[in-house]
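Reader: I am new to this structure and should be grateful for a close look at a single part of it. Please take the salt bridges and their surroundings, and explain them in a connected way.

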Amino acid sequence: MAPPVAVSPLIKTARYSALIAGIIYGKKRYENLKPIAAEERRIEEEEKKVREEQERIAKALAEASEDTILK
C-alpha cells in the first residue's frame, strides 16, 4: 500500500469553504421554510377538526336513521 498523498492547501480551503457555505445556505433555507411549514400544519389541524366534526355528525345521523328504521 502506498503512503497517503498530501492534499493541496488550496483544495482543503475550497472543501471547507464549500462546507461552510452549505451550512449557511441550509440555515437560511430552513429559516425561510419554517414559517410556511408552520402555517401548513395549522391549516391541516383546522381541517382535521372540521373533518372529525363532520364524521361525528354523520355517525350520529346514521345511528339515528338505524333506530328509526328498526322501530
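Author: What follows describes one helix and the charged side chains along it.

The model is a predicted one. Helix H1 comprises residues 9–70, and Glu63 lies within it. The extent of the helix may be judged from two positions: the C-alpha atoms of Glu63 and Ser17, which are 46 residues apart along the chain, are separated by 67 Å. According to an unreviewed UniProt entry, residues 36–63 carry the annotation "coiled-coil region". In the model this span is 100% helix and 0% strand, and its end C-alpha atoms lie 41 Å apart. Glu63 is the last position that the annotation covers; because its relative accessibility is 43%, Glu63 counts as partly exposed.

How many salt bridges does a search of the whole structure find? The search finds five. Among them is the contact between the side chains of Lys27 and Glu31, with a distance of 3.9 Å from N to O. That value is within the 4 Å limit used for a salt bridge. Lys27 and Glu31 are four residues apart in helix H1, so about one helical turn separates them. Lys27 is exposed, since its relative accessible area is 54%, a value over the 50% cut-off. Glu31, by contrast, counts as partly exposed because its relative accessibility is 41%.

A further salt bridge joins Arg42 and Glu39, whose closest N and O atoms are 2.4 Å apart. Here the two residues are three positions apart in helix H1, which means that they too are separated by about one helical turn. Both partners count as partly exposed: Arg42 has a relative accessibility of 40%, and Glu39 has one of 36%.

The side chains of Arg56 and Glu53 also meet in a salt bridge, at 2.5 Å from N to O. Both residues belong to helix H1 and are three residues apart, about one turn of the helix. Glu53 counts as partly exposed because its relative accessibility is 37%. Elsewhere, Glu39, Arg42 and Glu46 are joined into one network by salt bridges that share partners.

To draw these points together, the Lys27–Glu31 pair spans about one helical turn of helix H1, and so does the pair of Arg42 and Glu39. The pair of Arg56 and Glu53 is likewise set about one turn of the helix apart.

How values were computed:
Residues are numbered from 1 along each chain as its sequence is written. This is a predicted model: local features need pLDDT of at least 70, side-chain atom pairs count only at pLDDT 80 or more; totals for chains, interfaces and linings use all residues. Side-chain values use heavy atoms; hydrogens and water are left out. Buried means under 20% relative accessible area, exposed over 50%, partly exposed in between (1.4 Å probe, protein chains only). UniProt positions are given in the numbering used here, feature names are shortened, and annotations may be inferred rather than shown by experiment.
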